[in-house]
Amino acid sequence: MGNADFDQYSHHHQRVEIPPPKPFLKTLKSNVKETLFPDDPFRKFKNQPFSKKISLGLQYFVPILDWAPRYTFQFFKADVIAGITIASLAVPQGISYAGLANLPPVIGLYSSFVPPMIYAMLGSSKHLAIGNVAVPSLLISAMLGKVVNPHENPKLYLQLVFTATFFAGVFQASLGLLRLGLIVDFLSHATILGFMGGAATVVCLQQLKGILGLVHFTHQTDVVSVMSSIFSQMHQWRWESGVLGCCFLFFLLLTRYFSKKKPSFFWISAMAPLTSVILGSVLVYFTHAEKVGVQVIGHLKKGINPPSYSELSFSSPYLTTVIKTGIVTSVIALAEGIAVGRSFAIMENYDIDGNKEMIAFGLMNIAGSCTSCYLTTGPFSRTAVNFNAGCKTAVSNIVMATAVMITLLLLTPLFHYTPLVVLSSIIISAMLGIIDYNAVIHLWKVDKYDFLVCISSYIGVVFGSVEVGLIVAVVMSLLRVLLFVARPKTFALGKIPNSMTYRSTEQYSVASSVPGVLIIHIDAPIYFANASYLRERISRWIDEEEEKQRISTEIELQYVILDMSAIGNIDTSGISMLEEVKRIADRRCLQVLLANPGGEVMKKLDKSNFIDTIGKEWIYLTVGEAVNACNYILHTCKFQSKRIDSSTTPDDNV
């Protein structure tokens, strides 16, 4: 077929348009806005008077100003019931987790007073209940305990904890203000699942110290060190403490099992920790068990949070470790708190703003560090109880904080005889609920690499340390991202019978390849990281197709169509790769066609003059149009060659 014939055919298909150029600053502004403000928070400020903009701005940064005018007495009744319910869980958990962080028990109670008040005003979740959590508590103990012994120098250790909490709050608030919540997204679900499971396992093992009544114990968190410490002190095991701990653990697990079977009786599981504390304290008081080796909390100072801003130590020689501890624990706390908040928001069909949550978490931890509190977030167990108790707004946090305040002012002497073994049982019971076996099995069924990330994180925490597990998990997740970018999927397309649809021949067995045409789908943007791989992979596709058609009786390969529908962007290395593919095809007497390139890709191909190199007539809107053009040329040429052969005589050949 001559050029005139093909030009006449090519006029019948719609050309792929090149988007109009945009000024660089306008493009940059658009990209930054899309990256940092995907939820478009400025939309509601448009076309509003200045006073209204001020009001909307205050409501945006202080959400309580938005929903408080619509608050009703019915909501208040529900929030009071929920707040009192979670307070019954917050008191024993606060004391327990403070011990996990090697802090005085009263610090755990302080941390359930001020931070929930701050969050109630600034948070966007209706159901999130604020308090201490086990994993950050363990991290604080593991990281700061390496530089300062909490038992030998408790005052300095406490100063470092408050300072680490301050830096954690600053980091969280900064992420929210700078709209950098995407950093937390690098902790995948599989990463968090393995990390939390490993940390929960380590926490459970460490609580054997309290269950067995041991006084001296290792500061290491790996399973080998913990088990060595336990079995090397078998002669110091206290059977009284062990029996008491097993009984309370059985009670707590039984109430949880019953509550899962009968969700309407959720309050039984919620009240179980406080019930255990009361029963344990009464039992020790009347039996004088503390005289036979059952350790108790002892004296708890009465009164609400004393100020601690003067305790913040910014000139400490351990400042580097403190900052590192603050950043690591803040990321873990953010990941857990935002994930929990979003989970319950989805159940109730409302949205929470991740960046506002970061600001709220950050400010409450900054305020907490100045009022004798350590790191807080939104724990799942407390939030689940809050949700099941029927809370309507964040006022339930205020009610909980008020109940904790009353406890601090009036009831702390009642905890004097609370046995530590009961607190260990409460922690083990809570941690067993974090280890999600079903989710791990689901990962194995759905995605083996996610399962590998999860298990690697778990093993890193259990056999290394919490820090090692976190590093392993993040590295594995980033490695997967790099593999996705550097080794994108490519596959050959074939035609679905009785349609104009082209799909992967590997996925659809009925999809048949087009004789003389190779259609390659590239399933990712083309960047410097994958350009060389894609060049080699496309060359291999061509080699395999030529070999396959050489063996068969089909038309030999003449056209290579690159389906670019999934290529959202391309850089200069990617354009150079396309130019090399074009040169490789020219040497093999093959024609390259492009199908469905996006607007951003077309702009860069035009500016680099690649469109002139390949020719506008070889760029098509769809794979179907490109295949039709190839078939038209192939069959027209075949018809013309047959006509020439039939009109030629032996004399003409002489």
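The protein has 28 helices and 6 strands. The model is a predicted one.

**Exercise 1. Overall form**

Task: Work out how the radius of gyration of the protein stands against that of a compact globule of 654 residues.

Solution:
- Step 1. Take the reference. A compact globule of 654 residues would come out near 26 Å.
- Step 2. Take the model. The radius of gyration of the protein is 33 Å.
- Step 3. Add the spans. Along the principal axes, the C-alpha trace covers about 125 × 70 × 55 Å.
- Step 4. Turn to the contacts. Of those with a separation of 6 or more, 80% join residues 24 or more positions apart.

**Exercise 2. Surface and charge**

Task: Describe what the protein exposes and how its charged side chains are placed.

Solution:
- Step 1. Start with burial. Buried residues are 50% of the 654.
- Step 2. Take the exposed area. It is about 31,800 Å², and carbon and sulfur atoms supply 63% of that.
- Step 3. Count the charges. There are 53 positive and 46 negative side chains.
- Step 4. Locate the two sets. Their centres lie 11 Å apart.

**Exercise 3. Cysteines**

Task: Decide how many disulfides the structure holds, and check C373.

Solution:
- Step 1. Set the cut-off. A disulfide needs two cysteine sulfur atoms within 2.5 Å.
- Step 2. Apply it. The structure holds 0 disulfides.
- Step 3. Check C373. Its nearest cysteine sulfur belongs to C370 and is 9.7 Å away, and C373 is in no disulfide.
- Step 4. Test burial. Buried means under 20% relative accessible area. C373 has 0% relative accessibility, so it counts as buried. C391 is buried as well, at 4% relative accessible area.

**Exercise 4. A glutamine in a helix**

Task: Place Q93 and state whether it is buried or exposed.

Solution:
- Step 1. Find the element. Q93 sits in helix α5, residues 73-100.
- Step 2. Read the accessibility. Q93 counts as buried because its value is 3%.
- Step 3. List the partners. Beyond neighbours within four places in sequence, Q93 contacts S381 and R382.

**Exercise 5. Two asparagines with positive phi**

Task: For N349 and N609, give phi, the loop and the exposure class.

Solution:
- Step 1. Read phi. For N349 the angle is near 60°, positive in a residue other than glycine. For N609 it is near 65°, again a positive value in a non-glycine residue.
- Step 2. Find the loops. N349 lies between α15 (319-347) and α16 (354-369). N609 lies in the loop between α25 (599-607) and α26 (610-614).
- Step 3. Assign exposure. Exposed means over 50%. N349 has 70% relative accessibility, so it counts as exposed. N609 has 45%, so it counts as partly exposed.

Definitions and conventions:
Residues numbered from 1 in each chain as written. Heavy atoms only, no water. Buried < 20%, exposed > 50% of the residue type's maximum accessible area, 1.4 Å probe, protein only. Helix = DSSP H or I, 4+ residues; strand = E, 2+ residues; numbered from the N terminus. Contact = heavy atoms within 4.5 Å. Rg over C-alpha atoms; globule rule 2.2 N^0.38 Å. Areas by Shrake-Rupley, 256 points an atom, 1.4 Å probe, with all protein chains shown as cover. Lys, Arg positive; Asp, Glu negative; His and termini not counted. Charge placed at Lys NZ, Arg CZ, Asp CG, Glu CD.
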